[in-house]
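Reader: Hi! I'm new to reading protein structures, and I'd love a close look at a single part of this one. Could you walk me through it?

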Amino acid sequence: SSWPSYTSSSQAIGDIVNTRYLYHPQQLALSLAIAVGVIAAIIDRRRLWLVVSYALAGAIYVVVACTDGELRHVLAGFWYTDPNRIIAFVVIFAMPLAAWGLVS
């Protein structure tokens, strides 16, 4: 199944940074916790994989949300290019960063 793109790349990136996932209101506290977690994980190299996982998931979401070409099928084919499923896996990778940000 193929879902059509629905936004621009800058809006998709902004949605990830601002935690405005699929038309939900921005979560400022969550955005801040994730940002602090990203910085803390970069400083503590043992947790850098959390940042890489989150960034890769976010990149796949951006491709799925704003393109209609073959690249989206290559990157997200298993999830049938459904933006809802992709953003769910972005959120899964964001949660450990948010938790790390809250304890840092």
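Leaving aside its neighbours within four places in sequence, which residues is Tyr61 in contact with?

Author: Happy to help! Please keep in mind that this is a predicted model. Once the neighbours within four places in sequence are set aside, Tyr61 is in contact with Tyr6, Ala12, Asp15, Ile16, Leu22, Pro83, Ile86, Ile87 and Val90.

Let's place Tyr61 first. Tyr61 sits in helix 3, which covers residues 48–66. Its relative accessibility is 0%, and the cut-off for buried is under 20%, so Tyr61 counts as buried. For a sense of distance, take Ala98, which is 37 residues away from Tyr61 along the chain: the two C-alpha atoms are separated by 19 Å.

Now look at the helix around Tyr61. Helix 3 is made of 19 residues, and from its first C-alpha to its last it reaches 27 Å, close to the 27 Å expected at 1.5 Å a residue. Tyr61 has buried company in this helix: Leu50, Val51, Ser53, Tyr54, Ala57, Gly58, Ile60, Val62, Val63, Val64 and Ala65 are buried too. What covers the buried residues of helix 3 includes helix 1, helix 2, helix 4 (70–76) and helix 5 (83–103).

Let's take some of these covering helices in turn, beginning with helix 1. Helix 1 spans residues 9–17, and its buried residues are Ala12, Gly14, Asp15 and Ile16. Among them, Ala12, Asp15 and Ile16 also appear in the list of contacts of Tyr61. The cover works in the other direction as well, as helix 3 is part of what covers the buried residues of helix 1.

Just past helix 1 there is a detail worth a stop. Most residues other than glycine have a negative phi. Thr19 is not a glycine, yet it has a positive phi of about 50°. Thr19 lies in the loop between helix 1 and helix 2, and with a relative accessible area of 2% Thr19 is buried.

Next comes helix 2, residues 28–43. Two packed helices are described by the angle between their axes and the distance between the axes. For helix 2 and helix 3, the axes come within 7 Å and cross at roughly 130°, so the two helices are oblique to each other. On the helix 2 side, Ile34, Val38, Ala41 and Ile42 take part, and they meet Leu48, Val51 and Tyr54 of helix 3. Sorted by kind, the residues of this contact are seven nonpolar, no polar and no charged.

Helix 2 also packs against helix 5, with an angle of about 85° and axes 6 Å apart. That makes helix 2 roughly perpendicular to helix 5. Helix 2 contributes Leu30, Ala33, Ile34, Val36, Gly37, Val38, Ala40 and Ala41, while helix 5 brings Ala94, Met95, Leu97, Ala98, Trp100, Gly101 and Leu102. Here the residues divide into 13 nonpolar, two polar and no charged.

We can finish in helix 5, where the model's count of aromatic pairs comes to one. Phe89 and Phe93 form this pair, which is edge-to-face, with 5.6 Å centre to centre and 70° between the planes. The two are four residues apart in helix 5, which means about one helical turn separates Phe89 from Phe93. Residues three or four places apart in an α-helix point the same way, because there are 3.6 residues a turn. Phe89, at 16% relative accessibility, counts as buried, whereas Phe93, with a relative accessible area of 26%, is partly exposed.

Conventions: Residues are numbered from 1 along each chain as its sequence is written. This is a predicted model: local features need pLDDT of at least 70, side-chain atom pairs count only at pLDDT 80 or more; totals for chains, interfaces and linings use all residues. Side-chain values use heavy atoms; hydrogens and water are left out. Buried means under 20% relative accessible area, exposed over 50%, partly exposed in between (1.4 Å probe, protein chains only). Contact means heavy atoms within 4.5 Å. Axes are lines fitted to C-alpha atoms, for helices over the stretch in contact, and angles run from 0 to 180 degrees between N-to-C directions. Angles under 35 degrees count as roughly parallel, over 145 as roughly antiparallel, 65 to 115 as roughly perpendicular and the rest as oblique. Ala, Val, Leu, Ile, Met, Phe, Trp, Tyr, Cys and Pro count as nonpolar, Asp, Glu, Lys and Arg as charged, and the others, Gly among them, as polar. The expected span of a helix is 1.5 Å times one less than its number of residues. Rings of Phe, Tyr and Trp (its six-membered ring) pair if their centres lie within 6.5 Å; planes under 30 degrees apart count as stacked, over 60 as edge-to-face and the rest as tilted.
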